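Walk through this protein–DNA model from the nucleic acid contacts inward. Keep the coordinates open as you read.

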2 protein chains.
Amino acid sequence: MAEALRLLDSEGISALSMRRLGGQLGSVATAIYWHVANKDELIELVVDEVFGEIEVPVADDPAGWREAAATLARGWRDMILRHPWTVHVLDEVVSSFHGPNSLRLSDEMLGLFEKAGFDLFEADRAGKTLISYVLGIAMSEAAALSRMARDNRSEHEWIKALWPSADEAARDHPRLLALYTAYRDADPAKNREDSFTYGLDRVLDGIEARLPRS
Amino acid sequence: MAEALRLLDSEGISALSMRRLGGQLGSVATAIYWHVANKDELIELVVDEVFGEIEVPVADDPAGWREAAATLARGWRDMILRHPWTVHVLDEVVSSFHGPNSLRLSDEMLGLFEKAGFDLFEADRAGKTLISYVLGIAMSEAAALSRMARDNRSEHEWIKALWPSADEAARDHPRLLALYTAYRDADPAKNREDSFTYGLDRVLDGIEARLPRS
DNA sequence: GCGAGCGTTTGCACACTGTGCGAGTCATTG
DNA sequence: CAATGACTCGCACAGTGTGCAAACGCTCGC
């Protein structure tokens, strides 16, 4: 699993073949099948492993829930950006929601929202809401980043190449054009950070508003 | 593309091979390469096609923005659940954010949030927030549904099979256990709907709170 | 010390994948 | 009628996941 993870992190999902992994271990593809039922199971195991990297901060006082939730969200997103290949195995990811590490994570997240003042049901839904936002944006970011790395072409060049004429673009998509020209000279990394934070704050605002007033 | 979509919808991503698609069209795999550069491009085209199914409601008065945004979110989610294979091609999906249909969609969504009262920048971020939530939860749902269909085993049976003993489960994950036993006799479809709606409302609440008071 | 057993590895084979290349087909046009 | 160009086909290559049976090597009880 460690070797598989190394392969995935350094060269992406397409680098992980059973033959290659076997070779890297000084052995042969079919030898792996003694330890693991099939490739999917291998990936599930690796995915649960990377879930282990996320740590849930403990919020002692109820007031600290929001900061704790934000830290959790950031940790989750950072994990995905550290391992962008997770994007390509989303259904194994979902299956690994039943691995030991992600079970622990789910349970602790429930605890976090319970401590904030929700009952168990609403804690579950609040948690799902937060995680869905994080999953969605992190996967978009990861996919965009890896694609940008593959054919190194900035987002802005992408956009520009799409429109044969500026006039046409302005006619069809006036707002998109205005947005992208405004973004042209911005720092994409900072922009990505700010955008993530903005959404995170909105989601947490929405959740906070549901808390029983203390 | 129509035949590819049919294949994808009825038998999932693994059914779409160039040989199979060629055969279905009364021809041969390599014939497809005249029309399309490679398989990825084919998928991008199909993905943009299904983006075309989503329609953006027009909100005439500013007060209608919330309902319009909710309709948009539901339409997007329904599209993903109608075509669950999109989960497995997330990076082609992200690439197709630059296809004509999704460009139109993005532009119209910007318009929706501008009409609500945001400036262009914040409209972009609000839209990203909403779409990230929808993407995240819909992809989780789609992956879980397709996995459940594959090895027809309910979510609850899944969970039960994980824990060798109830005592152990209760010790390690007390909240998860309580949650799942509470959910045992619930209708999963209704629960999924309610959960989606709950999160959607929280995200929209968070966005609404940022609107300049009118 | 030795054979038995068992966990683990290996080689081989099968059916399948995406796709490059060159030759062939066919309808439309000058 | 000939030729151009859109399109299709057959073949081949390198690669994939994985089933199966044979072989290996280590650790036991005798």
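A polar contact here is a pair of N or O atoms within 3.5 Å. Apply that cut-off to A:Lys39. A polar atom of the A:Lys39 side chain sits 2.8 Å from a phosphate oxygen of DNA strand D. The pair therefore falls within the 3.5 Å limit. Note that the model is predicted, so side-chain atom pairs count only at pLDDT 80 or more.

Stay with DNA strand D. It is surrounded by 16 residues. The closest come from both chains: A:Arg19, A:Tyr33 and A:Lys39, with B:Ser27 and B:His35. A:Arg19 reaches a base. An N or O atom in its side chain is 2.7 Å from a base nitrogen of DNA strand D. A:Ser17 turns to the backbone of the DNA instead: an N or O atom of the A:Ser17 side chain lies 3.1 Å from a phosphate oxygen of DNA strand D. How do the strand atoms within 4 Å of the protein divide between sugar or phosphate and bases? For DNA strand D, 50% belong to sugar or phosphate, and the rest belong to bases. On the protein side, the surface near this strand has 7 nonpolar, 6 polar and 3 charged residues.

Now move to DNA strand C. Here too, 16 residues surround the strand. A:Ser27, A:Trp34, A:His35, B:Arg19 and B:Tyr33 are the closest. Sugar or phosphate supplies 51% of the DNA strand C atoms within 4 Å of the protein, with bases supplying the rest. The surface near DNA strand C comprises 7 nonpolar, 6 polar and 3 charged residues.

Three polar pairs are worth displaying on DNA strand C. In one, a polar side-chain atom of A:Trp34 is 2.8 Å from a phosphate oxygen. In another, a polar backbone atom of B:Met18 is 2.9 Å from a phosphate oxygen. The third involves a base: a polar side-chain atom of B:Arg19 lies 2.7 Å from a base nitrogen. Which elements give two or more residues to the surface near DNA strand C? They are helix H3 (32–35) of chain A and helix H2 (18–24) of chain B.

Helix H3 of chain A also holds A:Ile32. Is A:Ile32 buried or exposed? It counts as buried because its relative accessibility is 11%, and buried means under 20%. Leaving aside residues up to four places away in sequence, A:Ile32 touches A:Met18, A:Leu21 and A:Gly22. Take A:Leu21 from that list. A:Ile32 and A:Leu21 are 11 residues apart in sequence, with their C-alpha atoms 8.5 Å apart.

Step back to chain A as a whole. The chain has 12 helices and 0 strands. Of its 214 residues, 49% are buried. Consider the contacts in chain A with a sequence separation of 6 or more: residues 24 or more positions apart account for 68% of them. Chain A exposes about 10200 Å², and carbon and sulfur atoms supply 52% of that area.

Next comes the interface between the protein chains. An interface's size is often given as the accessible area lost when the parts come together. Between chain B and chain A, the buried area is about 5300 Å². Carbon and sulfur atoms give 65% of it. Chain A contributes 61 residues to the contact, and chain B contributes 61 residues. B:Arg125, B:Arg175 and B:Tyr198 supply 14% of the area that chain B buries against chain A, more than any other three residues.

B:Tyr198 leads to A:Ala126. Setting aside residues up to four places away in sequence, A:Ala126 touches B:Tyr198 along with A:Phe113, A:Phe118 and A:Ile207. A:Ala126 lies in helix H8 (residues 120–150) of chain A. Its relative accessible area is 0%, so A:Ala126 is buried. A:Val203 is 77 residues away from A:Ala126 in sequence, but the C-alpha atoms are 9.3 Å apart in space.

Finish across the interface at B:Tyr183. This residue is found in helix H10 (residues 174–183) of chain B. B:Tyr183 is buried because its relative accessible area is 14%. Beyond residues up to four places away in sequence, B:Tyr183 touches A:Phe121, A:Asp124 and A:Arg125, as well as B:Asn191.

Note on methods. Residues numbered from 1 in each chain as written. Chains lettered and ligands numbered in written order. Predicted model: local features only at pLDDT ≥ 70, side-chain atom pairs only at ≥ 80, totals over all residues. Heavy atoms only, no water. Near = heavy atom within 4 Å. Polar contact = N/O pair within 3.5 Å; in protein donor to acceptor, adjacent residues only side chain to side chain. Helix = DSSP H or I, 4+ residues; strand = E, 2+ residues; numbered from the N terminus. Nonpolar A, V, L, I, M, F, W, Y, C, P; charged D, E, K, R; others polar. Buried < 20%, exposed > 50% of the residue type's maximum accessible area, 1.4 Å probe, protein only. Contact = heavy atoms within 4.5 Å. Areas by Shrake-Rupley, 256 points an atom, 1.4 Å probe, with all protein chains shown as cover. Buried area = accessible area lost by both parts, 1.4 Å probe.
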